[in-house]
Amino acid sequence: MEPLLGCIADDITGATDLALMLGRNGMPVVQTIGCPAKDTPWPDEAAAVVIALKSRTAPVKAAVADSLAACGWLQAHGVRQIFFKYCSTFDSTPTGNIGPVAAALREATGGGITIFCPAFPANRRTVYQGHLFVAERLLSESSMRDHPLTPMADADLVRFLGRQLRGEAAVGAIGYAIVEQGAAQIRRELARLERAGVPYVVVDALNDRHLASIGRACADLALVTGGSAVAMGLPGNYRSAGWLPATEGLVAIDRPPGPAAVLAGSCSVATRGQVAHMAARCPALKVDPLRLADGRQRIEELVAWAAERMTPGPVLVYASATPEEVAAAQRKLGPDRAGRLIEEALAGVARGLWRQGLQQLIVAGGETSGAVLEALNVKALKIGPEIEPGVPWTVSTSPDGLVLALKSGNFGQPDFFSRALEMLP
Ligand code: ADP
C-alpha cells in the first residue's frame, strides 16, 4: 500500500493507542518497536507506520535524536505527513521532551506551523482555553501529580510548552469558540497565526466532533502533534484525496490456546484498581523495589512462581503501589533505580514465561511495556480489536504469534484485565 502517514510515538502504549485509532478509522497500520533499520522495507499491508520509541523520559538529546532518526526513515519511504504522538496527559517534565522533539520534527518537515492537542474525550481528557483537564479536574490536580517519572504540576499547556521550548518560539492557542465553528475556521486561524510568525499552537478540543474538525483542518500540515484522538480525522483526509482505498484497518485475532499472564508496572489509580480486581480472581504476586534491591526478591524466583501457576492461568505479577509506597522506595533508591529495578524484574518475568510457552500477555504501563517488549525482542505488531478506548489486542509478527495487549497506565475500567482475556473468540 502507498505510504501515507508516518507516526512517531514517545512510548509503546501510546503507539498502540494511536495505531488503534488509525486502524479503527480504516487505515491499515503496522506498529514497529523502535526505529526500523535503514534497509527495512515499508510493510506492504500498511498505509501508516507507527514507530514506537522509548523517548518520553529519555534525556532530551536522545529523545530528539531518536525522533529525528524515526522521521528520517518515514520520510525516506515517502510518507505525506508526520504525526508526533505523546500522552493525553502530556506526560513530560518542564525541562522535558515534547517541546524540543516537536521543534526538531518541525524543522525536519519544512518548518511550517504545527498544532498540539492531547485531548482524548473518550478517556475524559479535554483541552479548554489551553488547559488540559482529566475528567473534571485540571491535569495538575489529577493523580498525574503523583506520577513516579513525570509528575505534572502545570495544566496550562501554552505556558508549559513555552518553558520546554525555553522561550525560543511563540506558542499560540486556538480556543474552543473557534474550534466549535469547524474545520474551515480553524484552518483560517492557523493561517493567520502562521503569518503572524507563531509556529506552535495549542488547540482546544472538548469532544470528538472538535477532533474531527481539527483533523480536517490539519490536512495540509507537514507535522501534526497530539494524543491519539486527534489523529482520528487524518484517515478521512487521505480517503477524500483519493489516496486511501476503503479498507479494514484492524486485523482479526483469535484467542491462543496457551497460557496467559498480566504484568503491571504502572502505579496509576486506574491500574491499581485493575490490579486489585484481578488479584481477587487469579494468583497474584507483588514485586517490591526494596526487596529486589537487597536480594529478598529475585527474578528467577518470580519467573518460577508465575510459570507454575500460568497453566491454566491467568497469573498476575505487579509492582503497582500507592504514592506513599513509591515515595518510600524512591527515597531509598532514587526514582531511576527504583523504576529500573521494577522494569528489569517485569521484563525478566516476561522473558522467562515466554521461554516456557506463554502465548497471551497483558502489560500495564508505558515504560513497563517498553521494557517488556525489548526483553522479548518484539519488532513489530499488527493491531487487532479494541478492548477499551485506546487499548487494542495486538499480535507480534516477530517473534511470530505472541498475542499482546499493552495498556497505558491510566486507561481502562477496573475489570479491564479479566474482560480483555475473555473477549477474544
Ligand atoms: P504509566 O503508563 O502509568 O505511566 P509506566 O510503566 O510508564 O506506567 O511508569 C511507571 C514507572 O513506575 C515505571 O518506571 C515503573 O518501573 C515505576 N514503578 C512501578 N512500581 C514502582 C514502585 N513500587 N516503586 C517505585 N517505582 C515504581
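Which residue forms a salt bridge with R137? The partner is E141, and the closest N and O atoms of the two are 3.0 Å apart. The model is predicted. A search of the whole structure finds 22 salt bridges. The largest pocket holds about 610 Å³ of space, and the largest cavity has a volume of about 50 Å³. Two cis peptide bonds and two positive phi values are also described below.

**Largest pocket**

- About 610 Å³ of space lies in this pocket. Its lining is made up of 38 residues, and those closest to the centre are P148, G265, S266, C267 and V326.
- Four helices each supply at least two residues of the lining: α10 (289–293), α12 (323–333), α13 (335–355) and α14 (366–376).
- Domain 1 (5–240) and domain 2 (260–423) each contribute at least three residues to the lining of the largest pocket.
- By class, the lining of the largest pocket has 15 nonpolar residues, 15 polar residues and eight charged residues.

**Largest cavity**

- Rolling a probe the size of a water molecule over the atoms shows where empty space is left.
- The count of cavities of 30 Å³ or more comes to one. The largest cavity has a volume of about 50 Å³, and 14 residues line it.
- Closest to the centre of the largest cavity are D17, K85, C87, S88 and F411.
- Helix α1 (residues 12–24) gives the most to the lining of the largest cavity, namely three residues.
- The lining of the largest cavity divides into four nonpolar, six polar and four charged residues.

**Salt bridges**

- Side chains of opposite charge can pair when their charged atoms come close. The search of the whole structure gives 22 such salt bridges.
- E2 and R80 form a salt bridge in which the closest N and O atoms are 2.9 Å apart. E2 lies in the segment before β1 (5–9), and R80 lies in the loop between α2 (60–76) and β4 (81–85), so the pair ties together parts that are 78 residues apart in sequence.
- E2 has a relative accessibility of 36% and therefore counts as partly exposed. R80 is also partly exposed, because its relative accessibility is 40%.
- In the pair named at the start, E141 and R137 come to 3.0 Å between their closest N and O atoms. E141 counts as partly exposed at 39% relative accessibility, and R137 counts as partly exposed at 43%.
- R419 and D415 meet through their side chains in a salt bridge, with an N to O distance of 3.0 Å. R419 is partly exposed at 34% relative accessibility. D415 is partly exposed too, with a relative accessible area of 25%.
- D10, D11, R56 and D91 are joined into one network by salt bridges that share partners.

**Cis peptide bonds**

- Most residues other than glycine have a negative phi, and most peptide bonds are trans.
- The peptide bond from T311 to P312 is cis, and its omega is near 5°. P312 lies in the loop between α11 (299–309) and β14 (315–318).
- The peptide bond from G313 to P314 is cis as well, with omega near -5°. P314 has its place in the loop between α11 and β14.

**Positive phi values**

- Q129, a residue other than glycine, has a positive phi near 50°. Q129 is found in the loop between β6 (125–128) and β7 (131–134).
- At 44% relative accessibility, which is not over the 50% needed to be exposed, Q129 counts as partly exposed.
- R166, also a residue other than glycine, has a positive phi near 50°. The loop between α4 (157–164) and β9 (171–174) is where R166 has its place.
- R166 has a relative accessible area of 62%, so R166 is exposed.

Technical notes
Residues are numbered from 1 along each chain as its sequence is written. This is a predicted model: local features need pLDDT of at least 70, side-chain atom pairs count only at pLDDT 80 or more; totals for chains, interfaces and linings use all residues. Side-chain values use heavy atoms; hydrogens and water are left out. On a 1 Å grid over the protein atoms alone, a cavity is a set of points where a 1.4 Å probe fits but cannot get out, and a pocket is an open set with protein on both sides within 12 Å along at least five of seven lines; lining residues have an atom within 4 Å of a point. Grid points are joined across faces, edges and corners, and a volume is the space filled by probe spheres set on the points. Ala, Val, Leu, Ile, Met, Phe, Trp, Tyr, Cys and Pro count as nonpolar, Asp, Glu, Lys and Arg as charged, and the others, Gly among them, as polar. Domain bounds come from an automatic or database domain assignment. A salt bridge is a side-chain nitrogen of Lys or Arg within 4 Å of a carboxyl oxygen of Asp or Glu. Buried means under 20% relative accessible area, exposed over 50%, partly exposed in between (1.4 Å probe, protein chains only).
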